[in-house]
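Visitor: Could you walk me through this one? I'd like to ask short questions as we go.
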Amino acid sequence: MTDVAGRLAGKTVIVTGAGRGQGLAEARLFALAGARVIGCDVAFDTLTAGSGIDAVAMDVTKPQDWSALAARIDDHYGGEVHGLVNNAGITLRSRLLDVSIDDWNHVFAVNCTGGLLGMQTVVPRMRSGASVVNIGSAAAFSGHYPVAYTTSKWAVRGLTAVASLELGPAGIRVNSVHPGFVETEMTGSAPPEFREATGRIMPMPRTGQVADVAQLVLFLLSDESQWISGAEIHIDGGQVMAGGSKVLSDALRSAIPGTSV
């Protein structure tokens with residue numbers, strides 16, 4: 001791992017979805033880089049005392065939980081935040097004709113509305129030079145078959161674009177990061193046919209690791225990225241540029257009987 005000491009020294013950074021996987025890797029890396037890290041999640045599996053991370057149990061879809069976090073920031077962190085990473089996200093593999101409206105709404109609430117609530121809460125506590133990073137997905141550049149997940153990640157792109165326009169005059173930069181197949185619990189629960197098909201469309205011959213994404217997000221939070229805003233950054237081994245979403249859809253359609261056309 002690249003030496004990160006001091007790159008976020010003196011900064012207070014919030015990471016949602018920090019209880020496991022990619023968010024946990026980000027939170028730990030930012031702490032090593034000198035940040036005061038507030039890690040938020042509905043549950044914490046591996047984030048423990050002594051990690052240098054302030055673990056806060058919260059649901060990003062609930063305005064009242066964001067209000068409680070705001071009070072914590074004001075009481076314990078001087079009311080100022082330098083970085084927000086809207087990382088919390090869930091998947092749902094229902095197809096277009098199968099997804100229920102309740103499931104659709106829940107995916108959007110976590111993957112997109114949570115980011116909106118986060119910015120509405122945290123941005124008033126930011127000053128010029130602060131940074132927001134929204135975590136999207138390679139699916140946000142394709143017609144990937146899980147309709148609620150894919151559409152919510154497309155919405156993250158729109159949210160980021162609007163936020164970069166609105167917050168730019170205040171000197172607050174907003175960018176989105178779009179990972180491909182990264183080894184996490186989420187991808188680990190996918191059918192093996194998905195992994196095999198993804199491997200066939202990725203130009204680079206390996207899957208991503210949470211450290212790959214964390215290093216990129218660290219750069220976007222740091223002062224090294226002071227004139228980067230409104231960017232959509234792929235971190236996917238070239239998958240998006242290579243295309244190939246249809247091969248994923250077709251592989252799973254043939255492997256899992258009973259899904260709709």
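Guide: What follows is a conversation about the core, the open and closed spaces, and a few single residues.

Visitor: Before that, what sort of model is it, and which residues count for local features?

Guide: This is a predicted model, in which local features need pLDDT of at least 70 and side-chain atom pairs count only at pLDDT 80 or more, while totals for chains, interfaces and linings use all residues. Residues are numbered from 1 along each chain as its sequence is written, and side-chain values use heavy atoms, with hydrogens and water left out.

Visitor: OK, the core then. Which residues touch the most other members of the largest nonpolar core?

Guide: Those are Ile 14, Ile 38, Leu 69 and Met 126, out of 28 residues in the largest nonpolar core. A nonpolar core here is a set of buried Ala, Val, Leu, Ile, Met, Phe, Trp, Tyr and Cys residues joined through side-chain atoms within 4.5 Å, where buried means under 20% relative accessible area, exposed over 50%, and partly exposed in between (1.4 Å probe, protein chains only).

Visitor: And which elements give two or more residues to this core?

Guide: Strand S2 (36–41), helix H2 (63–76), helix H3 (101–122) and helix H4 (147–167) each do so, and H3 gives the most, with five residues. Helices (H or I, at least four residues) and strands (E, at least two) are DSSP runs, numbered from the N terminus.

Visitor: Is Leu 8 buried or exposed?

Guide: Leu 8 counts as buried because its relative accessibility is 0%. Leu 8 lies in the segment before strand S1 (12–16), and its C-alpha is 8.6 Å from that of Arg 36, although the two are 28 residues apart in sequence.

Visitor: Switching to empty space: how many cavities of 30 Å³ or more are there?

Guide: The structure holds one, and about 100 Å³ of space lies in this largest cavity. Of the 14 residues that line it, the closest to its centre are Asn 86, Ala 88, Val 110, Asn 111 and Gly 115. On a 1 Å grid over the protein atoms alone, a cavity is a set of points where a 1.4 Å probe fits but cannot get out, a pocket is an open set with protein on both sides within 12 Å along at least five of seven lines, and lining residues have an atom within 4 Å of a point. Grid points are joined across faces, edges and corners, and a volume is the space filled by probe spheres set on the points.

Visitor: Where does the largest share of that cavity's lining come from?

Guide: H3 supplies the largest share of the lining, five residues, and H3, strand S5 (131–135) and H4 each supply at least two.

Visitor: What about Gly 115, buried or exposed?

Guide: Gly 115, which sits in helix H3, counts as buried because its relative accessibility is 7%. Its C-alpha is separated by 9.6 Å from that of Val 133, 18 residues apart along the chain.

Visitor: And Ile 101, buried or exposed?

Guide: Ile 101 is also found in helix H3, but Ile 101 counts as exposed because its relative accessibility is 58%.

Visitor: Last topic, how big is the second largest pocket?

Guide: Its volume is about 180 Å³, and of the 13 residues that line the second largest pocket, the closest to its centre are Arg 206, Gly 208, Asp 212, Asp 236 and Gly 237.

Visitor: Where is the charged end of Arg 157?

Guide: The charged end of Arg 157 sits over the ring of Trp 154, 5.0 Å from its centre, the criterion being that NZ of Lys or CZ of Arg is within 6 Å of the ring centre and within 35 degrees of the ring normal.
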